[in-house]
Amino acid sequence: MEAVTNPRRERVDAARNRAKILAAAAEIVSVHGVEGLAMAEVAAAAGVGVGTLYRRFGDRSGLAYALIDEREREFQSAFIQGPPPLGPGADPVTRIRAFLHALTDRTVEQLDLLLMAETASPFARFGGAYDGYHAHLSMLIGQADPKADAYVLADQLLAPLAASLLAHRLRTCGVTVDRVKSALDQLLPLR
């Protein structure tokens, strides 16, 4: 396979439209929830044609994934190359704690979108971002305790942050975000 040396760049107007669309969609979701994410309303709020929206994102689900992806890129950048304690430079246990707290906040921030994405199919939660989180936690756990079963412990630390479980606990059981973070701190096998 030949390497691509000149990847196709997004046109300036297309990039501007994409930013306007994502901003309008994020605002609609923040005010009306995922249920309010209608293609015609997003197009009108962004000042673009509905056809532009469909060509760019395919459908409502594609638009929702684009909103998730935008925030996910920021989050991954923060834990891969951002400042400590979330990024490199802090001890592994401090980084694990910072990561779990930031992931809790990140999940709560887009809970309805993530709930939709994670429940699309039986294994929709796994792969992609989850694999990145898992690899990151496995690495940090291994650094903190080389004898630990980092692979399985990473899953155990990520399990409480499944969007469906978090939504259930926060919305129907009266659990607070601070309580979730405190419990994650107690789960940390390494001190």
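Here a trainee and a mentor talk through a predicted model of one protein chain.

Trainee: How many helices and how many strands does the chain have?
Mentor: Read along the sequence, the pattern is α-α-α-α-α-α-α-α-α-α. The C-alpha trace spans about 55 × 50 × 30 Å along its principal axes. The secondary structure comes to 10 helices and zero strands.

Trainee: What share of the chain's residues is buried?
Mentor: Buried here means under 20% relative accessible area. The chain has 191 residues to sort. Those that count as buried make up 39%.

Trainee: What share of the contacts with a separation of 6 or more comes from residues 24 or more positions apart?
Mentor: Contact means heavy atoms within 4.5 Å. Take the contacts in the chain with a separation of 6 or more. Residues 24 or more positions apart account for 64% of them.

Trainee: Which residues does the UniProt domain annotation cover?
Mentor: The record is an unreviewed entry, and its label reads "domain: HTH tetR-type". In the model, the annotated span is 82% helix and 0% strand, and its end C-alpha atoms lie 21 Å apart. The annotation covers residues 15-75.

Trainee: Where is alanine 19, and how far in space is it from alanine 46?
Mentor: Alanine 19 sits in helix α1, residues 12-32. Its relative accessible area is 46%, so alanine 19 is partly exposed. Alanine 46 is 27 residues away in sequence. C-alpha to C-alpha, the two alanines are apart by 8.9 Å.

Trainee: What distance separates the end C-alpha atoms of α7, and what span should its 17 residues give?
Mentor: Helix α7 runs over residues 128-144. The expected span is 1.5 Å times one less than the number of residues. That gives 24 Å for α7, which agrees with the end-to-end C-alpha distance of 25 Å.

Trainee: Which helices are included in what covers the buried residues of α7?
Mentor: Start with the buried residues themselves. They are Tyr130, Tyr133, His134, His136, Leu137, Ser138, Leu140 and Ile141. Their cover includes α4 (60-81), α5 (92-109) and α8 (150-158).

Trainee: How are α4 and α5 oriented to each other?
Mentor: Their axes are 11 Å apart, and the packing angle is about 170 degrees. The crossing is right-handed. Angles over 145 degrees count as roughly antiparallel. The two helices, α4 and α5, are therefore roughly antiparallel.

Trainee: Which residues of α5 meet α4?
Mentor: On the α4 side, the residues are Ile68, Arg71, Glu72, Phe75 and Phe79. On the α5 side, they are Arg95, Phe99, Ala102, Leu103, Arg106 and Glu109.

Trainee: How is α5 oriented to α10?
Mentor: Helix α10 is residues 177-187, and its axis lies 10 Å from that of α5. The two pack at an angle of about 150 degrees. That makes α5 and α10 roughly antiparallel.

Trainee: Which residues of α10 meet α5, and what is the hand of the crossing?
Mentor: From α5 come Arg97, Leu100, His101, Thr104, Asp105 and Val108. They meet Val177, Val180, Lys181, Leu184 and Asp185 in α10. The crossing of α5 and α10 is right-handed.

Trainee: Is threonine 104 buried or exposed, and which residues does it contact beyond four places in sequence?
Mentor: Threonine 104 is found in helix α5. Its relative accessibility is 0%, so threonine 104 counts as buried. Leaving aside neighbours within four places, its contacts are Leu161, Val177, Val180, Lys181 and Leu184.

Note on methods:
Residues numbered from 1 in each chain as written. Predicted model: local features only at pLDDT ≥ 70, side-chain atom pairs only at ≥ 80, totals over all residues. Heavy atoms only, no water. UniProt positions renumbered as here; feature names shortened; annotations may be inferred. Helix = DSSP H or I, 4+ residues; strand = E, 2+ residues; numbered from the N terminus. Buried < 20%, exposed > 50% of the residue type's maximum accessible area, 1.4 Å probe, protein only. Axes fitted to C-alpha atoms, helices over the stretch in contact; angles between N-to-C directions. Parallel < 35°, antiparallel > 145°, perpendicular 65-115°, else oblique. Left-handed = near helix turned anticlockwise from the far one by under 90°.
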